[in-house]
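Student: I'd like a close look at just one part of this protein: the disulfides. Could you walk me through them?

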Amino acid sequence: MFYIIHQQADQNVQEREATEGNQIIQNQSLKPKELTKEEKLRLAEKEKRGRIWRDSIHLSLVVCGDRGNESITLIKSAILFTKSYIIIHIFAEEELHSALQYQLNSWPSPVRKKFEYHLYGIIYPDSNQEWKMLFKPCASQRLFIPSILTNVDSLLYVDTDILFLSPLEEIWFHFSRFNNTQLIALAPESEDRQTGWYNRFARHPYFGELGVNSGVMLMNLTRLRNSTWLPSIKNYYKEYKLKLTWGDQDLINVYFHFHPDELYVYPCEWNYRPDHCMYMSVCKGAERGGAYVLHGSRRAMHNDKQPAFKAVYLAFDAYSFQDEMKTSLLPQLLKNLEATAKTPCGTVRDVFSMRVAQFINHDVKNR
């Protein structure tokens, strides 16, 4: 009996040792291969790149037709005031790519280190070019950005007739104020019912009492991809296509009419347009603290209907990165605006310069 028990014990020990030996061999085979120095460097660079991509401000615009130079001035204004790294996503017609690349690549090296850009063609669902001419050429591209930039969590989309008068960090901060249902941030289309467009003329549903303007749009792309955004937009287009005046902006208004809990509304100083001053000054926030983002809708940056907008554009367009903003950009901006003093928007010209002056003076003081 003792012999049998002892023999079984020895056999159990041998089996256990064999099993442990196999596990050691298996673990050795599963042990990660030691990375080479080059592989470690590539991995570290990939991780660094991932952090930059996540932590940067993503800016997007769509460029078609004769909007190339305008878009370059827009990007210049963003870079001038912003300390964060900016990743710019430019959707443009193929024939504009080389000119955009040439101008952006010609900027001084210290400026080029503050941003990167990615160029894309104009991309529509099922290659349906009907979307391209929905309103302004290519403007409806913005509707499909969530399904194209699938590796981007959030971005700021702007029309090309935009100038930033303050750091992008300030408008980006509104993302932190989103509740858990909000997908997009927009400013109201109007401040006054007597001059509002949607409440007087729209033949389709729209958001709230006066509608919203889509020219300056914070977009949480992750939430948009997980929502009914894209299929709803397509369905609303089929239903209301013969009643749309402002194209994609009208579709956005239709969407948020039916999904009001998904919209965050920031005030007019984040999307300041000629409508806010051409009859009377109706954007009280801008009167108090200046406009943060200037929107020259209806080509106000280039025609003489509201010269204050053109005055600002010309100052930014002429500014060279080699010059000091305090001795070049700001004096030229103030001079240009002074010449508009007798025009409707010129009577509130401080709205156009207040944020720029505060930024420049604060920046110089803290050097």
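Are Cys64 and Cys138 buried or exposed?

Tutor: Both Cys64 and Cys138 are buried, where buried means under 20% relative accessible area, exposed means over 50%, and partly exposed is in between (1.4 Å probe, protein chains only). Quick housekeeping before we go on. This is a predicted model, in which local features need pLDDT of at least 70, side-chain atom pairs count only at pLDDT 80 or more, and totals for chains, interfaces and linings use all residues. Residues are numbered from 1 along each chain as its sequence is written, and side-chain values use heavy atoms, with hydrogens and water left out.

Back to your pair. Cys64 and Cys138 form a disulfide with 1.9 Å between their sulfur atoms; the term stands for a pair of cysteine sulfur atoms within 2.5 Å. The link of Cys64 and Cys138 is left-handed, with -90 degrees about the S-S bond. Cys64 sits in the loop between strand E1 (57-63) and helix H3 (68-81), while Cys138 sits in the loop between strand E3 (115-120) and helix H6 (145-148), so this disulfide ties together parts that are 74 residues apart in sequence. Those labels are DSSP runs numbered from the N terminus, helices (H or I) having at least four residues and strands (E) at least two.

Searching the whole structure turns up 3 disulfides, so let's do the others. Cys268 is joined to Cys283, S to S 2.1 Å. With 100 degrees about the S-S bond, the Cys268 and Cys283 link is right-handed. Cys268 and Cys283 are 15 residues apart, and each is in the loop between strand E8 (263-265) and helix H12 (284-289). Cys268 counts as buried because its relative accessibility is 5%, and Cys283 is buried too, at 1%.

Then there's Cys277 with Cys345, a disulfide whose sulfur atoms are 2.0 Å apart. The Cys277 and Cys345 link is right-handed, at 85 degrees about the S-S bond. Cys277 comes from the loop between E8 and H12, and its partner Cys345 from the loop between helix H14 (325-338) and helix H15 (350-365), so far along the chain that 68 residues separate them. As for accessibility, Cys277 has 3% and therefore counts as buried; Cys345 has 0% and is buried as well.

If you like to jot down connectivity, number the bonded cysteines of the protein chain in sequence order and the pairing reads 1-2, 3-5, 4-6.
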